[in-house]
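Here is a friendly briefing to read alongside the sequence and the 3D view. Have both open, and let us walk through a few places together.

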Amino acid sequence: MLELLSGLDTPLAITLVLSITFVLAFEFINGFHDTANAVATVIYTQSMKPQTAVLLSGLFNFLGVFFGGLAVAYAIVNLIPTDLLLNINSAQGMVMVFALLTSAIVWNLGTWYFGIPASSSHTLIGAILGVGIGNALLTGDSIVNGINWSKAIDVFASLLVSPLFGATLAGLMLFVLMKLRPLSNIHKSPFQRQQIEGRKHPPFWARFMLIVSSMGMSFTHGSNDGQKGVGLVMLVLIALAPAHFVVNLEAEPIQIEHTKIAAIQLKELYQRNQVIVDLKYPAKGNHQCEPSKIVEETGALLSAIGDAKSFQTLPEAQRWDVRTQLICLNDGAKKISKVPSLNDVDQKQLKGIQKDLTQTTEYAPTWVIVAVALAIGLGTMIGWKRVVNTVGEKIGKKDMTYAQGMAAQTMSALSIGLASLIGAPVSTTQILSSAVAGTMVVNRSGIQAGTIKTIIITWVLTLPVSMGLAISLYYVGVKLFV
């Protein structure tokens, strides 16, 4: 890690350190919000002591980030317009990073202060979209082109569907538990069990399930939310230390060869379908990446890589050229995949081509993953209490029972895990809060209208507020520093 500073002058090295610290600060605050949800029910039901729960949650968050892949990380990154990604090493790129992070941090801190379980994911996505709109306004481009709308729609869909999915599954699980074990102690709240039986902890199997589901939720949180921080750190590294990070310098020769083959296959696929592709995406000349330039970009890529078996042998400028061409080719592949009349065989081939085109640019060093995981864990240890109290006592009119905690937490972990597998960024906060509300409805515990109203208003406001902040900061930053 430290060797990357050796080739930088002092001001740039300081900027790099501060920028990474800024990203980690966002992930630290993310711990206040989202990771706290992973331990909310296990702490509230007194299944574990807070210190133990938080420590184990941090460990499983680390494992989730480490083993969770990078699909969600780059799903977030790819919301950024392609032209900004291609110019991330400029002053404009740094203004973009600081604008979106400042917007997300300000809103997250505000909602945390009032103990409102707002969504860090929602906030970050709003800030990224705000930067895209701000860039379109500054360049005079259409807002339609300022945002990767297809990816944004996918993200919005996952944010909308995942809470409903979690609430439904949690309600069903509680319903089954109530039918199978109607007289069990699992249907008591911690307060009731203490008053009636004088016991502090839940029944053994309920306690076991609460602990397992809590750790499962911590793992899936790391595999989803933790990846977003990984993607942001990589943006900073590519912007300020491109010689080390524009492409994966540790890529194996076989990966580089697969990249070259994928580019050739994409060129041939485009040439087979050139008429229908150019009909949908006619050359406009005002964007660097267009399907019509695939043949040209493929030639440039093959020329830049040459016979190299390792990217380390390429000069810095050549590495940047390789990254630029790979981003453009992948952008072209995405656009071609949306051509309605493309046959199934070509559609299937495109998926493999996209995977091979991105394997040397969509990566993250181990130290980045570790740093992000630690930031989230430390945030959990500092700020968990406010959110735990909201989830346990302020969503329903009655205190949460052990069964409700098991159902909400187990199904939340399952929902987040499934989302991570398909690379869909979701909100841990939204899913757990909805799951708890779902169990309250099934248990006829009633819903505290005031808390639910506050959460819903926060969810509704999060996107426009974070977008507005990001647009303003980006616009002012570009005018002052670019």
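Leaving out residues up to four places away in sequence, S415 touches F165, G166, L169 and I431. S415 belongs to helix α19, residues 402–421, and at a relative accessible area of 5% it is buried. Please keep in mind that this is a predicted model.

**The overall picture**

- The secondary structure comes to 21 helices and 0 strands.
- Of the 482 residues in the protein, 55% count as buried.
- Among contacts between residues at least 6 apart in sequence, 84% join residues at least 24 apart.

**Helix α16 and its partner α15**

- How do helix α15 and α16 pack, and at what angle? Helix α15 covers residues 294–305, and its axis lies 9 Å from that of α16 at an angle of about 150°.
- Angles over 145 degrees count as roughly antiparallel, and therefore α15 and α16 are roughly antiparallel to each other.
- The crossing of α15 past α16 is left-handed.
- On the α15 side, the contact is made by I294, E297, T298, A300, L301, S303, A304 and I305. On the α16 side, Q318, V322, Q325, L326, C328, L329, G332 and I336 take part.
- Sorted by type, the residues of this contact of α15 with α16 are 10 nonpolar, 5 polar and 1 charged.

**Helix α16 and its partner α13**

- Helix α13 (residues 253–272) and helix α16 (residues 316–337) have axes that come within 11 Å and cross at roughly 40°.
- That crossing angle makes α13 oblique to α16.
- The crossing of α13 and α16 is left-handed.
- From α13, the contact uses T259, A263, L266, L269 and Y270. From α16, the contributors are L326, L329, A333 and I336.
- The residues where α13 meets α16 divide into 8 nonpolar, 1 polar and no charged.
- L326, L329 and I336 of α16 are worth highlighting in your viewer: they are among the residues in the contact with α13, and they are also among those in the contact with α15.

**Helix α20**

- Helix α20 runs over residues 428–442, which is 15 residues. From its first C-alpha to its last, α20 reaches 21 Å, close to the 21 Å expected at 1.5 Å a residue.
- How much of α20 is covered? The helix is mostly covered, with 13 of its 15 residues buried.
- After α20 comes R444, which has a positive phi, near 55°.
- I431, within the 428–442 range of α20, is one of the residues touched by S415 of the α19 helix.

**L124 in helix α7**

- L124 is found in helix α7, which spans residues 120–139.
- Is L124 buried or exposed? L124 is buried, at a relative accessible area of 0%.
- Setting aside neighbours within four places in sequence, L124 is in contact with F26, I76, L100, A104, K228 and L232.
- L124 and L463 are 339 residues apart in sequence, and their C-alpha atoms are 8.7 Å apart in space.

**K348 in helix α17**

- K348 lies in helix α17, residues 344–358.
- K348 counts as exposed, at 68% relative accessibility.
- The C-alpha atoms of K348 and S337 are separated by 9.2 Å, and the two residues are 11 apart along the chain.
- S337 falls within the range of helix α16, residues 316–337.

Methods
Residues are numbered from 1 along each chain as its sequence is written. This is a predicted model: local features need pLDDT of at least 70, side-chain atom pairs count only at pLDDT 80 or more; totals for chains, interfaces and linings use all residues. Side-chain values use heavy atoms; hydrogens and water are left out. Axes are lines fitted to C-alpha atoms, for helices over the stretch in contact, and angles run from 0 to 180 degrees between N-to-C directions. Helices (H or I, at least four residues) and strands (E, at least two) are DSSP runs, numbered from the N terminus. Angles under 35 degrees count as roughly parallel, over 145 as roughly antiparallel, 65 to 115 as roughly perpendicular and the rest as oblique. A crossing is left-handed if the near helix is turned anticlockwise from the far one by less than a right angle, and right-handed if clockwise. Contact means heavy atoms within 4.5 Å. Ala, Val, Leu, Ile, Met, Phe, Trp, Tyr, Cys and Pro count as nonpolar, Asp, Glu, Lys and Arg as charged, and the others, Gly among them, as polar. The expected span of a helix is 1.5 Å times one less than its number of residues. Buried means under 20% relative accessible area, exposed over 50%, partly exposed in between (1.4 Å probe, protein chains only).
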